[in-house]
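The exercises below ask the reader to work through a structure step by step, and each task is followed by its solution. Please keep the sequence and the coordinates at hand while reading.

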Amino acid sequence: MINTITILGGKSRAGIPEAVERIDLNMGDVVSIVGPTGSGKTTLINDLELFADANTQTGRRVLINNERPPLEYRDNPAMNPIALITQHTTFLSDLPVVDFLTAHAGIRAVKKSQVEEMIQKTLDFANELTGEPIVLTSRMTELSGGQTRALLIADATIICNTPIVLLDEVENAGINRTRAMELLRQYRKIFIFVTHDPRIALLSDYRIVMQGGSITQVLYTNEEERTFSHKVSKLDDLLSAMRDKIRFGERLTTHELEGLA
Amino acid sequence: MKLAICAGPATTGKSSVLRHMIRKLQAAGDNVAFLKVDVQFAEEDEIFAKEFGIPTRKVYSGELCPDHCNVMVLGDALQWAEKSGANILLVETAGLCLRCSPYVDGGLGMIVIEATSGTNLPLKIGPMLSLADVAVVTKIDRVSQAEREVFRSRIQDVAPNVKVREVNALYGIGIDPLVDAIHNQADTWDKMLLRGNPPVGTCTICVGKKEIGWQAHFGVVRSLENQNFYRGE
Ligand SMILES: Nc1ncnc2c1ncn2[C@@H]1O[C@H](COP(=O)(O)OP(=O)(O)OP(=O)(O)O)[C@@H](O)[C@H]1O
Ligand SMILES: Nc1nc2c(ncn2[C@@H]2O[C@H](COP(=O)(O)OP(=O)(O)O)[C@@H](O)[C@H]2O)c(=O)[nH]1
Ligand SMILES: [Mg+2]
Ligand SMILES: [Mg+2]
Ligand SMILES: [Zn+2]
Ligand SMILES: [Zn+2]
């Protein structure tokens, strides 16, 4: 049973000790990692995936339940408690969605009778995040970018069911992010988002701020931000509505932002 | 001397994996020598010599089965590595002959395959996988967690005793267990043997007879309808 995962600070790119010496991520936490391009966000989640032990370029260490993670995690991929979705992650299989999910659920399910329910749950979850629903008989490779992301997230959450899920910049795929955050919160896991998206950042419990290869701050989402996050979401929706209008050859007017008020 | 033989199809990431391993072995105080076996072109020897300042060699197998070429030269190679002051010899071989095993008893057998190659690949590569000690799965950064798990279970289906290690050879994620496997490997001994049984032997095409159709050949032949059978004296 994993209760906490701890990051013990290392050094920045310039070799200076990290300002934040220790961060404890607790089961159920939804966390964002933010920072400018090149600030070391991907490197930080690589440290997590590696269970770094002062043996990476950052010198960080990662503990599980306050101890060195068991060697088993490292040696047996089936025991690894982390699922990672990166910007480059995709499905390569050209099987029909249903066959693919059946194969995966068949490996993960404790009892064969669970397979069907797992597939249905995964599909329902994914379809809440996409505009166009995923059809079980279409081929994996025919899914759109957004459908692919949605299914990756749903599959990692429900079928893999690992206690820790890392997501590196998944926001660009046009999935319903507010809904995603709501749904993910129903599962007791640690979700870690690398993100440039204010919406995801404000819907997280706290955000880890990075600069120059180093963790500089941990900011808890405060009451003001929490209330304000609705407006941010609204603004974001208005922006995507405008994006759609442009796409469909319409003109924009000064009324577009009226919903904000 | 400890020996590891690293086989796998082209561009699966053998050199990338070995590069991370050499770096970590050097940091642990080991002296590594490197041998590259390929059919007709390779430059890893020059690259690794420059990058790590280690003794390196290459051989082109040409007409020989690359896996058997590896076995032919291995005796000399171990002596060469010893003379160059190395305590670990790493061999990278193309492993193109899917009937043969490129591994020897007394050396760590590593196959490198990429998670991106489709979930049926493990079913197609024969002894190169089933006779390995470790299957190193690269490019896990490119595929979904789901495909990673399906790929892994396909490997275990055909090779239940082979240890699976998943790596991202761009970032060097997952390399430590491979370094440990070499450290835990027993030293090589005299009179080591090729692992597994070589295939039925050469056919008359292998020795230069080019006619189309089994009727023109003898020894072990096959027709479209029948399995292999023996024709001739
Ligand atoms: N603590 C550190 N010490 C040394 N090098 C570091 C450190 N942190 C990051 N780096 C290096 O800095 C570079 C950029 O880091 P990284 O790719 O993690 O940035 P990023 O925040 O994910 O950027 P982007 O937003 O563009 O994806 C990498 O080459 C990485 O190896
Ligand atoms: N994304 C990704 N690329 C990899 C990985 N391993 C190797 N590569 C790339 O695959 C290509 C071939 O790798 P190389 O090590 O030369 O393969 P070899 O022919 O088996 O020796 C190179 O461009 C590598 O950068 C990996 O784990 N992830
Ligand atoms: Mg990044
Ligand atoms: Mg190579
Ligand atoms: Zn052969
Ligand atoms: Zn032949």
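A residue is called buried under 20% relative accessible area, exposed over 50%, and partly exposed in between. The model used here is predicted.

**Exercise 1.** Determine whether A:N65 and B:T11, each with a positive phi, are buried, partly exposed or exposed.

*Solution.* Begin with the backbone of A:N65, where phi is near 50°, a positive value in a residue other than glycine. This residue is found in the loop between β4 and α2 (71-75) of chain A. Its relative accessible area is 29%, so A:N65 is partly exposed. Turn next to B:T11, which is likewise not a glycine and has a positive phi of about 60°; its place is in the loop between β1 (2-7) and α1 (14-27) of chain B. With a relative accessibility of 63%, B:T11 counts as exposed.

**Exercise 2.** Identify the protein donors of the magnesium ion (ligand 4), and work out which parts of chain B the pair B:E44 and B:E92 ties together.

*Solution.* First, list the donors: B:S15 contributes OG, while B:E44 and B:E92 each contribute OE, at 2.0 to 2.2 Å from the ion. Second, read their spacing along the sequence, which is S-x28-E-x47-E. Third, place the two glutamates: B:E44 lies in helix α2 (residues 44-52) of chain B and B:E92 in strand β4 (residues 88-93) of chain B, so the pair ties together parts that are 48 residues apart in sequence. Finally, consider accessibility: B:E44 is buried at 17% relative accessible area, and B:E92 is buried at 2%.

**Exercise 3.** Work out which strands stand at the edges of the open three-stranded sheet of chain A.

*Solution.* The order of the strands is β2-β1-β4, with antiparallel pairing. In this order β2 (22-26) and β4 (61-64) each have a single partner strand, so one side of each is left without a neighbour in the sheet. Neighbouring strands are turned by 15° against each other on average, direction ignored. Strand β1 (residues 4-8) and β4 of chain A pair over four bridges, and A:I5 has A:I64 in β4(A) as its bridge partner.

**Exercise 4.** Describe the interface of chain A and chain B by its contacts, its buried area and its salt bridges.

*Solution.* Start with the contacts, which join 27 residues of chain A to 24 residues of chain B. The two chains bury about 2100 Å² between them, 54% of it on carbon and sulfur atoms. Of the area that chain A buries against chain B, A:R74, A:P77 and A:L92 supply 24%, more than any other three residues. Two salt bridges are found across the interface; one salt bridge joins the side chains of B:R148 and A:E49 at 3.7 Å, N to O.

Definitions and conventions
Residues numbered from 1 in each chain as written. Chains lettered and ligands numbered in written order. Predicted model: local features only at pLDDT ≥ 70, side-chain atom pairs only at ≥ 80, totals over all residues. Heavy atoms only, no water. Donors = N, O, S within 2.8 Å, 3.2 Å for Na, K, Ca; no water. Buried < 20%, exposed > 50% of the residue type's maximum accessible area, 1.4 Å probe, protein only. Pairing = 2+ DSSP bridges. Axes fitted to C-alpha atoms, helices over the stretch in contact; angles between N-to-C directions. Contact = heavy atoms within 4.5 Å. Buried area = accessible area lost by both parts, 1.4 Å probe. Salt bridge = Lys/Arg side-chain N within 4 Å of Asp/Glu carboxyl O.
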